[in-house]
Amino acid sequence: MKLHIKDKFNQELPADPSRSNTRRQVFEACFSYVTPRVPSNPKLLHVSAETANLLGLTESDWNSEAFLSIFSGSSTLKDSAPYAMCYGGHQFGNWAGQLGDGRAINLAEVENEGQSWALQLKGAGETPYSRRADGLAVLRSSIREHLCSEAMYHLGVPTTRSLSLLLSGDQVLRDVMYDGNAAYEKGAVVCRVAPSFIRFGNFQIFTSRGDIVNLRKLTDFTIKHFFPSIQTSGKEAYIEFYQQVAKRTLDMIVHWQRVGFVHGVMNTDNMSILGLTIDYGPYGWLEGYDPTWTPNTTDRQNRRYRFGQQAGVAAWNLLQLANALYPLVEEAEPFTDVLQQFQLDYRSAYLNMMGQKLGLTATSESYQDLVSSLEKNLQLTETDMTIFFRNLGDFKTDVQKPGETQWFELIKDAFYEVEEVAGAIYDKWQVWFDNYHQLLEKEQNSDADRRASMNQVNPKYVLRNYMAQLAIDAANQGDYTIIEELYELLKHPYAEQSTLGKWFAKRPEWARHKVGCSMLSCSS
Ligand code: AMP
Ligand code: MG
């Protein structure tokens with residue numbers, strides 16, 4: 001197995017001088033060197049061939065002893081030195097001080113085909129940032145992270161990738177619902193892959209400590225390696241950097257809204273500076289369309305991280321990043337300008353995206369009302385977001401005239417209680433479809449063309465919460481076939497894949513209130 005290691009983060013940025021692996025506050029350093037924990041009996045469960053190929057690895061590589069050894073944490077790469085990053089963050093709206101990679105260990109940065117990738121093990125043991133926790137991860141959350149990272153990539157959502165999923169062979173104690181019922185679970189290690197794992201919190205920690213020297217070093221480093229289009233320097237460069245981060249963050253959130261993804265823990269330590277979806281914890285997928293839904297039971301009271309609020313939270317997080325970068329610019333206005341623009345841009349990007357989901361190419365103002373009334377209608381009775389939009393692609397303008405009811409046949413599978421779609425609810429849908437039909441008649445493209453373009457933005461298959469849970473339940477019994485089946489299915493989320501149509505179905509009733517399906521905590 002040959003990886004072309006070319007480390008930047010640990011070569012160019014200041015290291016913690018202490019090599020001891022004791023939990024502590026780390027000052028004036030971007031990271032601490034650590035060694036992964038040696039697992040007792042590692043076993044490879046799954047590899048993403050696409051992500052392996054990105055790194056230049058082939059099938060014989062990932063079936064090798066060396067692969068198992070490196071990606072389980074049993075041994076370290078010869079030409080690199082593993083480390084944990086120091087960062088802080090706002091958790092649920094409150095400044096939490098130093099957090100850092102408590103259970104993530106960066107192995108190296110590698111180059112392949114002109115691209116650079118950082119490799120990071122999650123669940124490979126404690127670091128100086130582990131605080132009161134063990135640095136480990138359990139199989140259930142590792143399956144969720146591995147499958148979802150890859151599924152998101154294939155959906156076209158900016159995301160970190162996942163190379164491998166391994167069992168450590170060790171038992172890990174977790175209290176899943178924080179109710180005093182701790183139990184042992186299988187330990188696992190995932191290897192995440194991204195150009196960089198730098199987060200908003202990496203900048204925040206320096207500013208919070210008044211360490212502007214290192215804030216500048218980190219910012220200059222980030223711009224140099226990850227924002228090469230920025231050709232200015234000094235204040236101008238920092239403002240441009242902030243603009244670009246805002247733009248990437250916006251793009252990511254619009255994609256989340258498009259596919260119905262709810263992150264669940266949008267703390268500033270979980271916000272990638274590259275605008276990638278990062279830290280797959282208690283995330284979930286909207287089934288019934290409900291802007292107030294959050295999968296995270298830890299957030300049940302305030303629903304801070306609910307579906308409909310993700311853009312608002314992103315803006316709040318960007319404001320915290322502005323505060324972190326402020327000492328480099330010493331002017332508030334450029335930041336507030338970007339934040340104001342973010343709100344405007346989000347509104348229009350969101351409308352454009354919804355227009356695409358509806359197959360409309362007209363200017364977004366013309367269908368603003370249609371989108372608003374759709375958002376209301378989808379909540380009249382529990383309506384599956386994925387099935388609704390996918391089936392809508394089959395709407396025909398030539399056979400359906402206002403007043404007809406072909407629409408009902410088309411979308412009835414999206415309703416969880418189809419009998420509820422009667423009376424006033426039925427009438428509201430009728431009105432909506434009449435308006436939709438009228439707008440479609442003004443479009444130039446044929447029904448077939450519209451269907452084809454809608455099917456490229458409305459996925460048929462997403463990693464519904466219960467699907468991941470089925471893979472987890474089987475894996476806990478030693479059966480890993482569902483992991484592979486879902487992985488293959490989700491490589492082509494927009495394709496019909498008719499033989500796998502069983503996954504294009506509403507959440508079954510048994511999953512409605514099941515832990516892991518609709519209720520997830522931060523315990524992982
Ligand atoms: P998260 O909510 O997963 O983003 O984690 C927030 C912070 O807690 C980060 O600093 C993590 O590294 C740390 N953390 C989460 N779980 C563990 C764990 N099992 N062991 C050590 N640190 C952890
Ligand atoms: Mg995190």
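Is Ser272 buried or exposed? In this predicted model, Ser272 is buried, because its relative accessible area comes out at just 3%, and the cut-off for buried is anything under 20%. The residue sits in the loop that runs between strand S11 (261-262) and strand S12 (284-285). Its side chain has a polar partner there: a polar atom of that side chain lies 2.9 Å from the backbone nitrogen of Leu274. Once neighbours within four places in sequence are set aside, the contacts of Ser272 are Ile198, Arg199, Phe200 and Ile278.

The magnesium ion (ligand 2) comes next. Its protein donors are Asn270, through OD1, and Asp279, through OD, and they lie 1.9 to 2.2 Å from the ion. Asn270 and Asp279 are both buried.

As for the domains, the assignment of the chain gives domain 1 (9-200), domain 2 (210-356) and domain 3 (357-383 + 394-454). Taken over C-alpha atoms, the centres of domain 2 and domain 3 are 32 Å apart. These two domains do touch: 13 residues of domain 2 are in contact with 15 residues of domain 3.

Now for the rings. The model has 34 aromatic pairs. One of them joins Phe9 and Tyr83, which count as stacked because their ring centres are 5.6 Å apart and their planes are at 5°. Phe9 belongs to helix H1 (residues 9-12) and Tyr83 to strand S3 (residues 83-85), so this pair ties together parts that are 74 residues apart in sequence. Both partners are tucked away from the surface: Phe9 is buried, with a relative accessible area of 3%, and Tyr83 is buried too, at 2%. Phe67 and Phe71 make another aromatic pair, this one tilted, with 4.5 Å from centre to centre and 45° between the planes. These two residues are 4 residues apart in helix H4 (residues 65-72), so about one helical turn separates them. Phe67 and Phe71 are buried as well.

Further along the chain, one aromatic cluster is made up of Phe388, Phe389, Phe395, Trp407, Phe408, Phe415, Tyr426, Trp429, Trp432, Phe433 and Tyr436. Rings also turn up with charges over them. The charged end of Lys460 sits over the ring of Phe504, at 5.3 Å from the ring centre. In a second case, the ring of Tyr416 has the charged end of Lys506 over it, 5.9 Å from the centre.

Phe71 shows up again in the surroundings of Leu3. Leu3 lies in the segment before H1 and is buried, given its relative accessible area of 8%. Leaving out residues up to four places away in sequence, Leu3 touches Leu55, Leu57, Phe71, Leu77, Val110 and Leu119. Ile278, which was listed above as a contact of Ser272, is 275 residues from Leu3 along the chain, and the C-alpha atoms of Leu3 and Ile278 are separated by 24 Å.

What does Tyr487 touch, not counting residues up to four places away in sequence? The list runs to His46, Val47, Ser48, Ala49, Glu50, Leu147 and Glu150. Tyr487 itself is found in helix H17 (residues 481-489). With a relative accessibility of 4%, this tyrosine counts as buried. Leu463 is 24 residues from Tyr487 along the chain, and 9.4 Å separate the C-alpha atoms of the two.

Finally, a couple of backbone angles are worth a look. Glu28 has a phi near 55°, which is a positive value in a residue other than glycine. Glu28 lies in the loop between H1 and strand S1 (31-33). Is Glu28 buried or exposed? It counts as exposed, because its relative accessibility is 58% and the cut-off for exposed is over 50%. Tyr178 also has a positive phi, near 50°, and is likewise a residue other than glycine. Tyr178 lies in the loop between strand S9 (161-174) and strand S10 (183-194).

Definitions and conventions: Residues numbered from 1 in each chain as written. Chains lettered and ligands numbered in written order. Predicted model: local features only at pLDDT ≥ 70, side-chain atom pairs only at ≥ 80, totals over all residues. Heavy atoms only, no water. Buried < 20%, exposed > 50% of the residue type's maximum accessible area, 1.4 Å probe, protein only. Polar contact = N/O pair within 3.5 Å; in protein donor to acceptor, adjacent residues only side chain to side chain. Contact = heavy atoms within 4.5 Å. Phe/Tyr/Trp six-rings, centres within 6.5 Å; stacked < 30°, edge-to-face > 60°. Lys NZ or Arg CZ within 6 Å of the ring centre and 35° of its normal. Donors = N, O, S within 2.8 Å, 3.2 Å for Na, K, Ca; no water. Domains from an automatic or database assignment.
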